[in-house]
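Okay, thanks for making room for me today. I'd like to walk you through one chain, piece by piece, so pull up the viewer if you have a laptop open.

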Amino acid sequence: MFTDEALESISIQSLWRKSQRLEQESRGCQTTEVHSAETDTQAVSTTISSTQTEPQDQATELLWKNHESEPPGLKDFLQRVEDVVIRELVRNSRSHAFDGFQVNWDYSQLVSCLHCLQHPTAQERGLHATSVSWNCTGSVIACAYGRVDDGHWSTERSYVCTWNLSRRGFSPKQADLIIDVHTAVTALCCHPNQPTLIAGGLYSGEVVVWDTSRTQDPVLALSGMSADSHREPVYQVAWVPLEKKGEFRVLSASSEGRVLLWMVDLDQGRLVLNAAYVLVQQQVPHSSVSFKAQGSGTVGVTSLALSPWDSDTFLVGSEAGLLLRCSFSSKTPAAAPFEGQSVPPRAPAVFSFRPCSGPVHSIHCSPFHRNLFLSAGTDGLVHLHSLLQASPLLSLKVSDSYTFQVQWSPTRPLVFAAATGQGATSQL
C-alpha cells in the first residue's frame, strides 16, 4: 500500500519527466525548408481596323468626275473607228498568212541569201554598186551604179535600177526599170511617203529627182550645173519633211563643205535652191575635247543624218573626222565667198563632238531615244553619242578595217548593225 505522500511524490516525478521530455522535443523540432519564388508576365496586343464608305451621292459625284476627266475626243474617236477595227479583226481572223508559223528566237542560222540582184550591162562594164535604197512599200529596191575609183572626174555613163521583189515573174537578173544617167550616181534615197520618187546625187555635183512611174522620161527635177549647185561629188541626199504635212524638200551634202536644201519645182522641172549651209573651219564650235581647226577652209562633208525628234537638227560628219550638230534655223552668215549664188550661205554648226581619227562614213539617229546617235568611220569603231555631251558614251571595236555603215534596229532599241571593210556585218 502506498501512502498519500508516496503517491504525491510519484505524481510529481511523473510530471517533471513529462515536462523535461516536452522541453527536449520543443528544442529539437524543425519544419522542412519552404521554397518560394516570385514571377510575373505581361502581354500587350493591339489591333486597329477601320472602314469608311462614301455616301451614295458622293460616290456618284466621284464617278462622274472620273468620267469627265477622259481625254477630249477619245469617245468620239473610238466610236468612229469601231467599225473599221472590227472589220480588220474579222479579216485577219480569216487570213492564212501565218498558218504553220512558229516563233524561233535563234536568228544565228536564219540569215540566207534570197536574191542576187544583177544588171548584166553594169557587170560587163565593171561598174560598182554605189548606193541602195528601199522604197516606202518595202517591196521595191533601187540600186545606183557608177565608177568612182579613178580619182578624177568621169563622164562615163551609169545606171539606176529598180526591182519589185513582190512582182509576179520577178527575175533577179532583169531589172523592172533601168534609168540611164550621164555620170556616176554616188547617193540614192527613196521618198518616205511616195513610192515612185527617188532622189539621187551625182559624181558631177548635180542633184536629181526621178519618178519611176514615168518610164519614158523618169527625170522629174534636176539641179543642173550652176553657181547654186555642188562643185564636187554629192556624198549623201535625204528627204526633209516640212511643217506642212506631206511636203518634203531634198537635202544634199558634198565634200566641198556645202549642205544644200532644194525645193522641187514641178512646173519648171528643176530643183530650186531654198537654203545653203557652208561649214567653214574657223566657224566650227570647239568643245573642250576637240582639236581646234586651223585656217579658213571648208570642212568636207562625208555623212549626214536627220533627227527624227527635232526637225531643226541635223548631224554632219567630215573628212577630217569632225562630228557636228547643226541647225536649219541658223542665221549666222558663213565666212565663205559669195560667188553669184541666189541664196546667201549660212553657218549651221552649233555644237562639236569629240572628233574621230579619220573620215566619218556613217551617222544614224536612234528611233527610240531623242538624244542618242551612232557614228562610224575609218577607225573601225562604232561610237554611241549623246547630243548633250561632247565625248561618246561608248565606243565599240567592230572591225580591224574600215566601218562603212551603221544603223539602228527599227524594232529593238539596244541593237544596231555595222558593215565593215572586211566584208562582214556585225550585229551588236
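I'll start with the whole chain, then go through some strands, the salt bridges and a patch on the surface.

One thing up front: this is a predicted model, so please keep that in mind throughout.

Right, the overview. The chain has 428 residues, and 38% of them count as buried. In terms of secondary structure, there are four helices and 23 strands. The exposed area of the chain is about 27,000 Å², with 53% of that supplied by carbon and sulfur atoms. And if you take the contacts between residues at least 6 apart in sequence, 47% of them join residues at least 24 apart.

Now let's go to a sheet. This one is open and has four strands, in the order 1-2-3-4, with antiparallel pairing. Which strands stand at the edges? Strand 1, residues 128-134, and strand 4, residues 177-181. Each of those has a single partner strand, so one side of each is left without a neighbour in the sheet. On average, neighbouring strands here are turned by 20° against each other, if you ignore direction.

As a quick reminder, strands of a sheet pair through backbone hydrogen bonds, and they can do that parallel or antiparallel. Take strand 3, residues 158-164: strand 3 pairs with strand 4 in the antiparallel sense, over five bridges. If you want a spot to click on, find Cys161, whose bridge partner in strand 4 is Ile178.

Okay, further along the chain, to strands 10, 11 and 12. I like to start from strand 11, residues 258-265, which is mostly covered, with six of its eight residues buried. On one hand, strand 11 runs antiparallel to strand 10, residues 248-254, and four bridges join them. Leu251 stands opposite Leu261 of strand 11 there. On the other hand, strand 11 pairs with strand 12, residues 270-278, also antiparallel, over eight bridges. In that pairing, Leu260 sits opposite Ala276 of strand 12.

What about the turns? Strands 10 and 11 form a hairpin with three residues between them, and Gly257 in that turn has a positive phi of about 95°. Strands 11 and 12 form a hairpin too, with four residues between them, and in this turn Gly269 has a positive phi of about 65°.

Next, a residue to zoom in on: Val207, in strand 7, which covers residues 207-211. Is Val207 buried or exposed? Its relative accessibility is 0%, so Val207 counts as buried. Leaving out neighbours within four places in sequence, Val207 has a list of contacts that includes Gly200, Leu222, His230, Val250, Trp262 and Leu271. There's also Met225, which is 18 residues away from Val207 in sequence, with 9.4 Å between their C-alpha atoms.

On to charges. Side chains of opposite charge can pair when their charged atoms come close. How many salt bridges are there? The count comes to three.

The first I'll mention joins Asp176 and Arg167, at 2.7 Å from N to O. Asp176 is partly exposed, at 32% relative accessible area, and Arg167 is partly exposed as well, at 36%.

Then there's Arg214 with Asp217, where the closest N and O atoms are 4.0 Å apart. Arg214 has 33% relative accessibility, so we call Arg214 partly exposed, and Asp217, at 43%, is also partly exposed.

That leaves Arg258 and Glu256, whose side chains meet in a salt bridge at 3.3 Å, N to O. Both of these residues are buried. Have a look at where they sit, too: Arg258 is at the start of strand 11, residues 258-265.

Last stop, the surface. Which residues make the nonpolar surface patch of about 260 Å²? Leu74, Phe77 and Leu78. Leu78 belongs to helix 3, residues 74-93. Leu78 has a relative accessibility of 48%, and since the cut-off for exposed is over 50%, Leu78 counts as partly exposed.

That's my tour. If you'd like to retrace any of it, I'd begin with the two hairpins around strand 11, then click through to Val207 in strand 7. Happy to take questions.

Definitions and conventions:
Residues are numbered from 1 along each chain as its sequence is written. This is a predicted model: local features need pLDDT of at least 70, side-chain atom pairs count only at pLDDT 80 or more; totals for chains, interfaces and linings use all residues. Side-chain values use heavy atoms; hydrogens and water are left out. Patches are made of residues with over 30% relative accessible area and no salt bridge: like charges are joined within 9 Å, nonpolar side chains (Val, Leu, Ile, Met, Phe, Trp, Tyr) within 5 Å. Accessible areas come from the Shrake-Rupley method with a 1.4 Å probe; for residues, only the protein chains shown count as cover. Buried means under 20% relative accessible area, exposed over 50%, partly exposed in between (1.4 Å probe, protein chains only). Two strands pair if DSSP finds at least two bridges between them. Axes are lines fitted to C-alpha atoms, for helices over the stretch in contact, and angles run from 0 to 180 degrees between N-to-C directions. Contact means heavy atoms within 4.5 Å.
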